[in-house]
Amino acid sequence: MELPKRKPNRLKFYDHSTPGAYFVTICVEGKRCILGNIVGGGALDAPHVQFTHIGHIVRQNIESGNCIPGIRVDKFIIMPNHIHLILFVEGTLDGGTSRAPSPTNAMVPHFVSTLKRFCHRDAGERFFQRSYHDHVIRGEKDYLKIWEYIDTNPARWHEDCFYEEDLL
């Protein structure tokens, strides 16, 4: 039996260690809503995410991820079953890494791999999908559009392509 071919999830011929901004989406396996619930939405209460225990673990690991030399989290949102991040690559990874996807100097895969590994360790279970989506941000207009998308994501949860009924 021949297995289906995986679609490449990287921009062909692009060096992901190149300094610049990247929009990254990481999903929970099976679209399970284990990171939180969308609450609010009343006249005085904008929709926002109320984190579960696992959602708090993810937030703590994203915030501590700023200690990885050469990469900075500029903005992020944790949704019930996925996360979005804007990452700024400011340098390169020297000497390669163990357990990082190739090429070994690729900062975005290194950051994602490290984030997922620490989240899984701290939660005591694996919950993120194996792969992730990234988009090279190509200028200020693209950056501002993504920033707004992240800001308004909780208010548009029921229209989101990752939407699953909150079960928590």
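**Entry 1: a helix over the sheet.** I started with α1, which lies across β4 and β5. I looked up its direction too: α1 runs at about 160° to β4. A reminder to myself: this is a predicted model.

**Entry 2: the sheet.** Next I wanted the strand order. I found an open sheet of 4 strands, ordered β4-β5-β1-β6, and the pairing is antiparallel. Which strands stand at the edges? They are β4 and β6; each has a single partner strand, so one side of each has no neighbour in the sheet. I also noted the twist, which averages 20° from one strand to the next.

**Entry 3: β1 and its partners.** I then followed β1. How many bridges does β1 share with β5? I got 8 bridges, in the antiparallel sense. I looked up a couple of the facing residues here: Ile26 stands opposite Ile83 in β5, and Phe23 has Ile86 of β5 as its bridge partner. Turning to β6, I found that 4 bridges join it to β1, and the two run antiparallel. Thr25 is the residue I checked on this side, and it stands opposite His133 in β6.

I also asked myself why β1 counts as largely enclosed by the rest of the structure. The reason is that 7 of its 8 residues are buried, where buried means under 20% relative accessible area.

**Entry 4: helix α2, its length.** I moved on to α2, residues 107-123. What should its 17 residues span at 1.5 Å a residue? The expected figure is 24 Å, and the end C-alpha atoms are 24 Å apart, so the two agree. Just past the end of α2 I came to Gly124, which takes a positive phi of about 80°.

**Entry 5: helix α2, its cover.** Is α2 mostly covered or mostly open? It is mostly covered, with 12 of its 17 residues buried. I listed some of them: the buried residues include Met107, Val108, Pro109, His110 and Phe111, and further along Cys119 and His120.

What covers the buried residues of α2? I found that the cover includes the strands β1 (20-27), β4 (71-78), β5 (82-89) and β6 (133-136), along with the helix α1 (53-64). I had met those strands already, in the sheet order β4-β5-β1-β6, and α1 was the helix I began with, lying across β4 and β5.

Conventions. Residues are numbered from 1 along each chain as its sequence is written. This is a predicted model: local features need pLDDT of at least 70, side-chain atom pairs count only at pLDDT 80 or more; totals for chains, interfaces and linings use all residues. Side-chain values use heavy atoms; hydrogens and water are left out. The expected span of a helix is 1.5 Å times one less than its number of residues. Buried means under 20% relative accessible area, exposed over 50%, partly exposed in between (1.4 Å probe, protein chains only). Contact means heavy atoms within 4.5 Å. Two strands pair if DSSP finds at least two bridges between them. Axes are lines fitted to C-alpha atoms, for helices over the stretch in contact, and angles run from 0 to 180 degrees between N-to-C directions.
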